[in-house]
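Grab a coffee and open the viewer. Below is a short set of exercises to work through with the coordinates at hand, each followed by a worked solution.

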Amino acid sequence: MTTGYLWDEIFGWHDTGSGALFPADPTAGHQPLGHHVAHPDTKRRMHELICVSGLIDHLTRIQPRTATEAELTRVHTAEHVGRIRRDSELPKGGDAGDGISPFGKGAYRIAALGAGSAIAMTEAVVDGTVDNGYALVNPAGHHALPETGMGFCIFNNVAIAARHAQAALGIERIAIVDWDVHHGNGAQAIFADDPSVLTVSLHQDRCFPPNSGLVTERGTGAGHGYNINIPMPVGTGDGGYQYAAETVIGPALEAFAPELVLVASGFDPNAMDPLARQLVTSRGFISLTETVMAAADRSAHGRLVLLQEGGYSPVYVPFCGLATIETLAGVHVLDDAILPVVGGMGGHDLEPHQKALVDQVAELIADVH
Ligand code: 6DK
Ligand code: ZN
């Protein structure tokens, strides 16, 4: 198995401002903090573990590239792209659109490199340079909508990659699986009425965006049935995630038979994450990865691209990422050194209320063709 891998040092220079979760504002009590929760050091540490562990020797580096404006505007409005470009030139940068997503000077270049890197990895997988691939891009993208960024996201990397595959690579049917703990509202909205793109989001029930990602959001018009939300209850661990993967994600992809599988891969369902309350360990991410690999093998000649989204534990994200990419590459180089802590916690067995939610969602697969 040849697995592509992409990281660029400039992703580690994305400036998320001096606040902790909200932009620093002493009048509102938002104290400055050296590291914003989405500071890119967490992703830089994941890249370093991939190198130090030796996993990098089993991977094929794919070169990043900058997305053109034409590629960005396949998903976003010219107004949004132009505003980000202009605000990026300001001495103190700007905000992606919702007031909680500050960016520093020069962010356009970094975000456009992230979107272009998503395209580059997709091209490498589709043209057979590699069998599958992981692009460790930053900033994240899955909350971004055509006309605005939000939730730390500027451009919707996974949607831009999907539209590129359809417009330039001869791919028609695409499945986007989003396992970031927050709802993949961006792809849901962008492809809502498009039955050629199946969007499946596995997330913590009503975590972010507020009240988004309900089971009842199923796509519109011709796209009805081609959006599936799996809003897992708070406190779900590896058992619940594995059941959701086997009961919904695998069968939904089997019914849809995509020619390409894209994953919005967030590691924030992890048991140590500050922005959610799930209990997933590296074992859970391995079972998710195995599920999408098997699905890609069935209908897409194994074509599978994972794109980094969130994940906010600097301690545990590197091990979750390492285990995920080890699985893609079919090698094992280093044990998860945190698993003795998080794997031994109670809460990894599938609970009845988790099973009930997953079983309810599984009934929706009947409408996927
Ligand atoms: N919530 C992400 O990991 C981003 O999905 C998650 C962003 C969570 C923001 C938490 C937050 C509010 C704020 C105001 C009002 C209600 C809720 F996109 C990814 F980076 F991947 O501030
Ligand atoms: Zn997230």
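The exercises that follow use a predicted model, and they begin at the ligand before turning to the chain.

**Exercise 1. The surroundings of the ligand**

Task: Find which residues come nearest to ligand 1, and sort the shell around ligand 1 by class.

Solution:
- Start with the neighbours. There are 17 residues around ligand 1, and those that come nearest are H142, H143, D268, G310 and Y312.
- Next, sort the shell. It holds nine nonpolar, five polar and three charged residues.
- Finally, look at the space itself. The space that ligand 1 takes up is the largest pocket.

**Exercise 2. Polar atoms around the ligand**

Task: For H142, H143 and Y312, give the distance from a polar side-chain atom to an oxygen atom of ligand 1. Then say how much of ligand 1 the protein buries.

Solution:
- Take H142: an N or O atom in its side chain is 2.7 Å from an oxygen atom of ligand 1.
- Move on to H143, where a polar side-chain atom lies 2.6 Å from an oxygen atom of ligand 1.
- Then check Y312: here the distance between a side-chain N or O atom and an oxygen atom of ligand 1 is 2.5 Å.
- Now the surface. Ligand 1 exposes 530 Å² when taken alone, and the protein buries 80% of that.

**Exercise 3. Two residues of one strand**

Task: Place Q308 and L306 in the fold, decide whether each is buried or exposed, and find a partner for each.

Solution:
- Locate Q308 first. It belongs to strand β10, which covers residues 304-308.
- Q308 has a relative accessible area of 1%, so it is buried.
- Its side chain makes a polar contact of 2.5 Å with the side chain of Y134.
- L306 is also a residue of strand β10. Its relative accessibility is 0%, and therefore L306 counts as buried.
- For a partner distant in sequence, go to G4. L306 and G4 are 302 residues apart along the chain, yet their C-alpha atoms are separated by 9.9 Å.

**Exercise 4. The loop between β5 and α5**

Task: Find where the cis peptide bond that ends at P139 begins, and describe the backbone of F152.

Solution:
- P139 is in the loop that runs between β5 (132-135) and α5 (157-168).
- The cis bond joins N138 and P139, with omega about 0 degrees.
- F152 is found in the loop between β5 and α5 as well.
- F152 is not a glycine, but its phi is positive, at about 70 degrees.
- Is F152 buried or exposed? The cut-off for buried is under 20% relative accessible area. F152 counts as buried because its relative accessibility is 15%.

**Exercise 5. The loop between β7 and β8**

Task: Do the analysis for P209 and R206 in the loop between β7 and β8.

Solution:
- P209 sits in the loop between β7 (197-204) and β8 (227-232).
- The peptide bond from F208 to P209 is cis, and omega is near -10 degrees.
- R206 lies in the loop between β7 and β8 too. Its phi is near 50 degrees, a positive value in a residue other than glycine.
- With 48% relative accessibility, R206 counts as partly exposed.

**Exercise 6. A histidine and its backbone contacts**

Task: Which backbone atoms does the side chain of H348 reach?

Solution:
- Find H348 in the loop between α10 (339-342) and α11 (352-362).
- Its relative accessible area is 11%, so H348 is buried.
- The side chain reaches the backbone nitrogen of D238 at 3.1 Å. It also reaches the backbone oxygen of V342, at 2.9 Å.

**Exercise 7. Pairs far apart in sequence**

Task: Give the C-alpha distance from P251 to V368 and from I10 to G114.

Solution:
- P251 lies in helix α7, residues 238-256, and counts as partly exposed at 28% relative accessibility.
- P251 and V368 are 117 residues apart in sequence and 9.8 Å apart from C-alpha to C-alpha.
- I10 lies in the loop between β1 (3-6) and α1 (41-52). It is buried, with a relative accessible area of 16%.
- From I10 to G114 there are 104 residues in sequence, while the C-alpha atoms are 9.7 Å apart in space.

Terms used: Residues are numbered from 1 along each chain as its sequence is written. Chains are lettered from A and ligands numbered from 1 in the order in which they are written. Side-chain values use heavy atoms; hydrogens and water are left out. A residue is near a molecule or strand if one of its heavy atoms lies within 4 Å of it. A polar contact is a pair of N or O atoms within 3.5 Å; within protein, one must be able to donate a hydrogen and the other to accept it, and residues adjacent in sequence count only if both atoms are side-chain atoms. Accessible areas come from the Shrake-Rupley method with a 1.4 Å probe; for residues, only the protein chains shown count as cover. On a 1 Å grid over the protein atoms alone, a cavity is a set of points where a 1.4 Å probe fits but cannot get out, and a pocket is an open set with protein on both sides within 12 Å along at least five of seven lines; lining residues have an atom within 4 Å of a point. A molecule sits in a cavity or pocket if more than half of its atoms lie within 2 Å of its grid points. Ala, Val, Leu, Ile, Met, Phe, Trp, Tyr, Cys and Pro count as nonpolar, Asp, Glu, Lys and Arg as charged, and the others, Gly among them, as polar. Helices (H or I, at least four residues) and strands (E, at least two) are DSSP runs, numbered from the N terminus. Buried means under 20% relative accessible area, exposed over 50%, partly exposed in between (1.4 Å probe, protein chains only).
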